[in-house]
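Colleague: I would like a close look at one part of this model, the packing between a pair of helices and the charged side chains there. Please walk me through it, then set it beside other parts of the chain.

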Amino acid sequence: MTKPSLPELLHAAVTAVGGVERPGQASMAEAVAGVIDDSSHLLVQAGTGTGKSLGYLVPALAHGERVVVATATLALQRQLVERDLPRTVDALHPLLRRRPEFAMLKGRSNYLCLHRLHEGAPQDEEEGLFDQFEAAAPTSKLGQDLLRMRDWADETETGDRDDLTPGVSDRAWSQVSVSSRECLGASKCAYGAECFAEMARERAKLADVVVTNHALLAIDAIEGAPVLPQHEVLIVDEAHELVSRVTGVATGELTPGQVNRAVRRAAKLVNEKAADALQTASEGFERVMELALPGRLETVPEDLGYALMALRDAARTVISAMGSTRDKSVQDEDAVRKQALASVESIHAVAERITHGSEYDVVWYERHDRFGASLRVAPLSVSGLLREKLFTERSVVLTSATLKLGGDFNGVGASLGLAPEGTGGEDVPQWRGLDVGSPFDYPKQGILYVARHLATPGREGSRGDMMDELAELVEAAGGRTLGLFSSMRAAQAAAEELRGRLDNPILLQGEETLGELIKNFAADPQTCLFGTLSLWQGVDVPGPSCQLVVMDRIPFPRPDDPLMSARQKAVEEAGGNGFMAVAATHAALLMAQGAGRLVRATGDRGVVAVLDPRLANARYGSYLRASLPDFWYTTDRNQARRSLAAIDAASKAAGV
């Protein structure tokens, strides 16, 4: 029997999921198959509606080697595991004459821990263990959630937090889960044989396709201890998110509260001298943090340096002492010891890292209204780490609807550690960029309107002319507006202002869960939804409920953002254009994602309105516009209002 061709396989898969074959999807599948065969790498931009999941799943399954697919969002993980993969495997089985297996793998804290559930969680103030079920009143929300999870533990096959519906708070989940550092290990745990996290790992070892998330991919790369099974092909979906997710995993934090918890946890398990030294170091650190002012620390101040060295040394002593002292009053000592050790090791690692003072790290203070001051450290760049850990010994495909910024892939490529496309060299990863387009006719379906006549937005302060413009646009659109704001304060001010001016319901992020807000926004065309960052890329509302997407200003990083400003400065010191490489790239990615909220289906029509004249007037404006979908472009406010009114009238005539 001859081997089925890629077009045959793709046709079978698309038919099985009830989709439509797209030329872009076919081009993508061919390109993915090509890089898998020649062990190179691919950055592929595939617009909304291309069907990119099948564009990479079909060639990957056909190849037959193990594939890891990493996504940024839970929604896409679920879509792959619950919809796309089962149907694709069923469709390809008769043609491939084998049935590829697939599995989901997440970090350990995403799975219910049976030891925690049955034995209780080690508590800081108490001796031994704390029975959370006894302590939480059954009538309280926490008590009800814990009892519900105990029942769920008997019926769940996965123990995966995301399979628990309705979900529970982080506080409730923390009572029944452990981090990888706190885990006793399957061989030492009484529940090791039935551990959900271990079962997920075993399933992943046997699977042909492992679906995971960017965070676990980052842990796998950074920690050196393999978490993911060996694989020949890595596919990173939602790849525009990868750098920020890897940066997040590589960021360390120290707070007085965290250090105090570690002191309490360790006190029972080490000799008095070691415990006192950690207590003293903790108090010294807390005194320094009381005076901390937000901002970057170009050099570590002397008082902080001494406090960190004291913490580091005391933590190291406690870690060594913990192996030798046994306290007979402590019940389930292994679990208590493991939790205490994890807390102290985490403090030692961050204190050591900041004290060591790498030129490749950025250190800064942050202040939070509720949680007080924290000390943070993050890598200046993750590009070297990604180049070294991601692109060796496997083919990598990175895909997203937004990878091509300012007309090429080199900006995103550089952030991933890749040399400009076509650069030769023995140790230089070979890659190519491919834009397979979109099934949508952007110039006919959408208008990009830039309010050129408005005043340039200042750093703070009210924008009366912008509010007037926003109200006029929303009124012309008959509601149907997704408002994307650069700060929560701006979103709140706009919601308050428009609630006083218009009859349209205005939903505001934070006043309800995101899922509920999006559902209510989609259900009523007259409604508007205003919010900040997570709305720029988390909203998928096809149809007449979203016909106007407004951005209040170009979303440059804040000038006082310690990490972004440090990255910008580093590019400038190396002779590059820091503003374009960091701030403009950041803004371009967000704007491309935000503008992508407008057209989600072939029948969608509407306007993306940017209420920031710099997009039309500034030199970098053309770079940002080239990063957006190819909408018809205008700066004529009357044209924008007439178009919105006409689209609204057509929707109302159609009964929506």
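Modeller: What follows starts with one helix pair, then turns to its surroundings and to other sites.

Keep in mind that this is a predicted model. The pair is α14 and α15. Their axes come within 8 Å and cross at roughly 145°. The crossing is left-handed. On the α14 side, the contact is made by L308, M309, L311, R312, A315, R316, V318 and I319. On the α15 side, L341, V344, E345, I347, H348, A351, E352, I354 and T355 take part. By type, the contact residues of α14 and α15 divide into 11 nonpolar, two polar and four charged.

Now the charges. Side chains of opposite charge can pair when their charged atoms come close. R316 forms a salt bridge with D313, and the closest N and O atoms are 3.6 Å apart. Why are R316 and D313 about one helical turn apart? Because they sit three residues apart in helix α14. R316 has 40% relative accessibility, so it counts as partly exposed. D313 has 34% and therefore also counts as partly exposed. The pair belongs to a wider set: R312, D313, R316 and E352 are linked in a network of salt bridges. R312 and R316 of α14 and E352 of α15 are also among the residues that make the helix contact.

Next, the surroundings. Both helices help cover α13: what covers the buried residues of α13 includes α14 (302-321) and α15 (333-356). Other covering elements include β8 (252-254), α12 (256-267), β10 (361-368) and β11 (372-379). Helix α13 spans residues 272-290, which is 19 residues. From first C-alpha to last, α13 reaches 27 Å, close to the 27 Å expected at 1.5 Å a residue. Its buried residues are A274, A275, L278, A281, S282, G284, F285, V288 and M289.

For a second helix pair, take α2 (residues 23-38) and α3 (residues 52-63). Their axes come within 8 Å and cross at roughly 35°. This crossing is right-handed. From α2, Q25, M28, A29, V32, A33, I36 and D37 meet K52, L54, G55, Y56, P59, A60 and H63 of α3. The residues of this contact divide into nine nonpolar, three polar and two charged.

Back to salt bridges. The structure holds 35 of them. One joins K205 and E202, at 3.2 Å from N to O. K205 and E202 are three residues apart in helix α9 (residues 196-206), so about one helical turn separates them. K205 counts as partly exposed because its relative accessibility is 49%. E202, at 41%, counts as partly exposed too.

Another salt bridge joins the side chains of D160 and K106, at 2.9 Å from N to O. D160 lies in the loop between α7 (141-155) and α8 (170-174), and K106 in the loop between β3 (102-104) and α5 (114-119), so this pair ties together parts that are 54 residues apart in sequence. D160 and K106 are both buried.

One last site is G185. This residue lies in the loop between α8 and α9. G185 counts as partly exposed, at 23% relative accessibility. Its C-alpha atom is separated by 9.7 Å from that of C195, 10 residues apart along the chain.

How values were computed: Residues are numbered from 1 along each chain as its sequence is written. This is a predicted model: local features need pLDDT of at least 70, side-chain atom pairs count only at pLDDT 80 or more; totals for chains, interfaces and linings use all residues. Side-chain values use heavy atoms; hydrogens and water are left out. Helices (H or I, at least four residues) and strands (E, at least two) are DSSP runs, numbered from the N terminus. The expected span of a helix is 1.5 Å times one less than its number of residues. Buried means under 20% relative accessible area, exposed over 50%, partly exposed in between (1.4 Å probe, protein chains only). Contact means heavy atoms within 4.5 Å. Axes are lines fitted to C-alpha atoms, for helices over the stretch in contact, and angles run from 0 to 180 degrees between N-to-C directions. A crossing is left-handed if the near helix is turned anticlockwise from the far one by less than a right angle, and right-handed if clockwise. Ala, Val, Leu, Ile, Met, Phe, Trp, Tyr, Cys and Pro count as nonpolar, Asp, Glu, Lys and Arg as charged, and the others, Gly among them, as polar. A salt bridge is a side-chain nitrogen of Lys or Arg within 4 Å of a carboxyl oxygen of Asp or Glu.
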